[in-house]
Amino acid sequence: MQIEIRTRNGVALTDELREYAQRRFDKVSRQVSELARLELELYEEHNPAIAEQFVVDAVLYLKGVKLRASDRSFEMKHAIHAVADELSRQVERHREKRRGRREVQKLASGRSVVGDLDLPPIGGMMAEGAQP
């Protein structure tokens, strides 16, 4: 997964912050394709009325889907951590949806998802002379 990090409003992108973001989004990168692209935007609100001044916006571009997450916090690292967790949940949910659709399509086409199993009749008893 490619990670692009941008800053604005005077936020300095240090090597420590870049490595922290890459480490936090490593879990997400294991769940998605190598062709996926993640854009992070780190910025600071300069409004004194807003206590949580550090903001992180993330957009993950997958095949045909954009997943977005945003968080604000007192510290930049905490905001990055929260956004990484949120994107991880979204990716997991997206993958489960895709798997569910695939299983429904298999059932609709007549193919069995579970396979052919030798199960006893619903009553639980087998007829005399029948072999399992």
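**A walk through a predicted model**

Let me begin with one residue, everyone: Asn9 is partly exposed, with a relative accessible area of 39%. Partly exposed sits between buried, under 20% relative accessible area, and exposed, over 50%, with a 1.4 Å probe and protein chains only. The areas themselves come from the Shrake-Rupley method with a 1.4 Å probe, and for residues only the protein chains shown count as cover.

Before I go on, a word about the model. It is a predicted one, so to speak of local features we ask for pLDDT of at least 70, and side-chain atom pairs count only at pLDDT 80 or more, while totals for chains, interfaces and linings use all residues. Residues are numbered from 1 along each chain as its sequence is written, and side-chain values use heavy atoms, leaving out hydrogens and water.

Back to Asn9. This residue sits in the loop between β1 (2-8) and α1 (15-24). Asn9 is not a glycine, yet its phi is positive, at about 60°.

Now the overall picture. The protein has three helices and four strands, in the order β-α-α-β-β-β-α along the sequence. Helices (H or I, at least four residues) and strands (E, at least two) are DSSP runs, numbered from the N terminus. Of the 132 residues, 29% are buried. The accessible surface is about 9,600 Å², with 47% of that belonging to carbon and sulfur atoms. As for contacts, meaning heavy atoms within 4.5 Å, residues 24 or more positions apart account for 51% of those with a separation of 6 or more.

Next, some individual residues in the strands. What does Ala58 touch, beyond residues up to four places away in sequence? Its partners are Leu38, Glu39, Leu40, Leu67, Arg68, Ala69, Val83 and Leu87. Ala58 belongs to strand β3 (residues 54-62) and is buried, at a relative accessible area of 1%. From Ala58 to Ile80 is 22 residues in sequence, and 9.1 Å in space, C-alpha to C-alpha.

One of those partners, Arg68, is in strand β4 (residues 65-73). Is Arg68 buried or exposed? Exposed, with a relative accessible area of 53%. Leaving aside neighbours within four places, Arg68 is in contact with Ala58, Val59 and Gln90. Gln90 is 22 residues from Arg68 in sequence and 8.6 Å away in space, C-alpha to C-alpha.

Glu44, in strand β2 (residues 37-44), is one I'd like you to look at. Glu44 is buried yet has no salt bridge, and the nearest side chain of opposite charge, Arg72, is 11 Å away. For the charges, Lys and Arg count as positive, Asp and Glu as negative, and His and the chain ends are not counted. A salt bridge is a side-chain nitrogen of Lys or Arg within 4 Å of a carboxyl oxygen of Asp or Glu. Our opening residue comes back here: beyond its neighbours within four places, Glu44 is in contact with Arg8, Asn9, Val11, Gln53 and Phe54.

So, on to charge pairs. Side chains of opposite charge can pair when their charged atoms come close. How many salt bridges does the count come to? Nine. Among them is Asp85 with Arg24, at 3.1 Å, N to O. Asp85 lies in helix α3 and Arg24 in helix α1, so this pair ties together parts that are 61 residues apart in sequence. Both ends are partly exposed: Asp85 at 31% relative accessibility, Arg24 at 24%.

Asp26 and Arg30 also meet in a salt bridge, at 2.9 Å, N to O. They are four residues apart in helix α2 (residues 26-31), which means a separation of about one helical turn. Here Asp26 is partly exposed at 35%, whereas Arg30 is exposed at 61%. In helix α3, Arg89 bridges to Glu86, with the closest N and O atoms 2.9 Å apart. Then there is a network of salt bridges linking Glu4, Arg6, Arg37 and Glu39.

Last stop, the surface. Which residues gather in a patch of positive charge? Lys63, Arg93, Arg95, Lys97, Arg98 and Arg101. Patches are made of residues with over 30% relative accessible area and no salt bridge, joining like charges within 9 Å and nonpolar side chains (Val, Leu, Ile, Met, Phe, Trp, Tyr) within 5 Å. The place of a charge is NZ of Lys, CZ of Arg, CG of Asp or CD of Glu. Of the patch members, Lys97 lies in helix α3 (residues 76-108) and is partly exposed, at 44%.

Thanks, everyone!
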